[in-house]
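Let's take a walk through a protein model together, one stop at a time. Keep the 3D view open and find each residue as we come to it.

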Amino acid sequence: MLANLLKTALGRLRFVAFLEGTSLLILMGVAMPLKYLAGYPQPVRMVGMAHGVLFILYVVLLIQIVFEYNWGWKKFLLAFVASVIPFGTFYADHKIFRHPN
């Protein structure tokens, strides 16, 4: 299943969107509370770095999809904004990425 998903640019975007969304939830729901409530900042550094890399990869793949599928600015901006809202990439996968045209 995963191998089939990674064969297309849209599939790769969906996979990275899942990872990016998950990393955002871990960052906000686990690492940040550990830093500010327990005084343990290391998880923010590790998860934050992973999330940053996944976010950049998400944006690069999103730009590739915009050109490959001829998406307009509205669809691009909606998918971009979804990446900075918790659970947003999961919504984008359900509403945008599964129906790219």
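Our first stop is a small charged network: Arg14, Asp93 and Arg98 are linked to one another by salt bridges. Please keep in mind that this is a predicted model, so every value here is computed from predicted atoms. How many salt bridges does a search of the whole structure find? The search turns up 2. In general, side chains of opposite charge can pair when their charged atoms come close.

Let's look at the two pairs in turn. In one, the side chains of Asp93 and Arg14 meet, with 2.5 Å from N to O. Asp93 belongs to helix α5 and Arg14 to helix α2, so this pair ties together parts that lie 79 residues apart in sequence. In the other pair, the side chain of Asp93 meets that of Arg98, and here the N to O distance is 3.4 Å.

Is Asp93 buried or exposed? Asp93 has a relative accessible area of 13%, and the cut-off for buried is under 20%, so Asp93 counts as buried. Its two partners are placed otherwise: Arg14 is partly exposed at 23%, and Arg98 is partly exposed at 46%.

While you are in helix α5, which covers residues 88–97, look for Tyr91 as well. With 47% relative accessibility, Tyr91 is partly exposed. Now find Gly21: its C-alpha atom is separated from that of Tyr91 by 9.9 Å, and the two residues are 70 residues apart along the chain.

Next, move to helix α2, which runs over residues 9–38 and includes Ser23. Ser23 has a relative accessibility of just 7%, so it counts as buried. Which residues does Ser23 touch, leaving aside those up to four places away in sequence? The answer is Val47, His51 and Leu54.

Now for the nonpolar interior. In soluble globular proteins, nonpolar side chains tend to be buried together. Here, the largest nonpolar core has 18 residues, and those with the most contacts inside it are Leu13, Tyr58, Leu62, Trp71, Ala79 and Phe97. Four helices each give two or more residues to this core: α2, α3 (42–68), α4 (73–82) and α5. Which helix provides the largest share? That is α3, with 6 residues.

Our last stops are in two loops. Asn70 sits in the loop between α3 and α4. Although Asn70 is not a glycine, it has a positive phi of about 55°. Asn70 is also exposed, with a relative accessible area of 66%.

Where is Phe87? Look in the loop between α4 and α5. Phe87 has a positive phi too, of about 70°, although it is not a glycine. With a relative accessible area of 55%, Phe87 is exposed.

To end, go back to where we began and find Asp93 once more. This buried residue has salt bridges to Arg14 and to Arg98.

Notes. Residues numbered from 1 in each chain as written. Predicted model: local features only at pLDDT ≥ 70, side-chain atom pairs only at ≥ 80, totals over all residues. Heavy atoms only, no water. Buried < 20%, exposed > 50% of the residue type's maximum accessible area, 1.4 Å probe, protein only. Contact = heavy atoms within 4.5 Å. Core = buried A, V, L, I, M, F, W, Y, C linked by side-chain atoms within 4.5 Å. Salt bridge = Lys/Arg side-chain N within 4 Å of Asp/Glu carboxyl O.
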